[in-house]
Amino acid sequence: QVQVVESGGGLVQTGGSLRLSCEASGRTFIPYAMGWYRQAPGREREFVAVIRWSGDTNYADSVKGRFNISRHKVRNMVYLQMDNLNPEDTAVYYCNARAYGATNGYWGQGTQVTVSS
């Protein structure tokens, strides 16, 4: 069984920054990829960023140049550095940890990010 826990959300003003953290824990779990998704009220959950254990990264167009995803070199942890935030970034941010060969990974409970105008 795998547990995924996010942290680091909060309230910031437009132009501010936040750094989210996510840790996936499990006895034998080794991630193939870990990533971030977000969901605002009344909207579908959308992809934000992902990092594969190969080191490759991908970002949604809406956050390119502003967000950076990275991983811990030993632990099953990823970080999302969010800079130049705007109100459109307001959402619950969910972390997903996926093993190789799995279509859907394990989800955390989310962390709230609110950006005020």
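How many salt bridges does a search of the whole structure find? The answer is five, where a salt bridge is a side-chain nitrogen of Lys or Arg within 4 Å of a carboxyl oxygen of Asp or Glu. Before turning to these pairs, a word on the model is in order. The structure is a predicted model, in which local features need pLDDT of at least 70 and side-chain atom pairs count only at pLDDT 80 or more, while totals for chains, interfaces and linings use all residues. Residues are numbered from 1 along each chain as its sequence is written, and side-chain values use heavy atoms, with hydrogens and water left out.

We can begin with the strands. Helices (H or I, at least four residues) and strands (E, at least two) are DSSP runs, numbered from the N terminus, and two strands pair if DSSP finds at least two bridges between them. An open sheet of four strands follows the order β1-β3-β8-β7, with antiparallel pairing. The edges are taken by β1 and β7, each with a single partner strand, so one side of each is left without a neighbour in the sheet. From one strand to the next, the twist averages 15°; axes here are lines fitted to C-alpha atoms, for helices over the stretch in contact, and angles run from 0 to 180 degrees between N-to-C directions. Within this sheet, β1 (residues 3-7) is joined to β3 by five bridges, and E6 stands opposite C22 in β3. On to the next pair: six bridges join β3 to β8, again antiparallel, and here L20 faces L80 in β8.

The same strands reappear in the interior. A nonpolar core is a set of buried Ala, Val, Leu, Ile, Met, Phe, Trp, Tyr and Cys residues joined through side-chain atoms within 4.5 Å; buried means under 20% relative accessible area, exposed over 50%, and partly exposed in between (1.4 Å probe, protein chains only). The largest such core has 29 residues, and those with the most contacts inside it are W36, V48, F67, L80, M82 and Y93. At least two residues of this core come from each of β3 (18-25), β4 (33-39), β5 (46-52), β7 (67-71), β8 (77-82), β9 (91-98) and β11 (111-116). Y93 offers a handy view of the surroundings: leaving aside neighbours within four places in sequence, Y93 is in contact (heavy atoms within 4.5 Å) with residues including L20, W36, V48, F67, L80, M82 and V113. Polar or charged partners also appear on the list, among them E6, R38 and T111.

A covalent link adds to this picture. One disulfide is found in a search of the whole structure, a disulfide being a pair of cysteine sulfur atoms within 2.5 Å. C22 and C95 form this bond, with their sulfur atoms 1.9 Å apart. Because C22 lies in strand β3 and C95 in strand β9, the pair ties together parts that are 73 residues apart in sequence. The torsion about the S-S bond is about -85°, so the disulfide is left-handed. Both ends are sheltered: C22 counts as buried at 1% relative accessibility, and C95 is buried at 0%.

That brings us back to the salt bridges. Side chains of opposite charge can pair when their charged atoms come close. R75 pairs with E23, the closest N and O atoms being 2.6 Å apart. R75 lies in the loop between β7 and β8 and E23 in strand β3, so this salt bridge ties together parts that are 52 residues apart in sequence. R75 counts as partly exposed at 42% relative accessibility, and E23 is likewise partly exposed at 26%.

A further group consists of R38, E46, R66 and D89, which are linked in a network of salt bridges. Between E46 and R38, the closest N and O atoms are 2.7 Å apart; E46 is partly exposed, with a relative accessible area of 35%, whereas R38 counts as buried at 5%. R66 forms a salt bridge with D89, with 2.8 Å between the closest N and O atoms. Since R66 lies in the loop between β6 (57-59) and β7 and D89 in the loop between β8 and β9, the pair ties together parts that are 23 residues apart in sequence. D89 is buried, with a relative accessible area of 1%, and R66 is buried too. Leaving aside neighbours within four places in sequence, D89 is in contact with R38, R66, F67, N84, V113 and V115.
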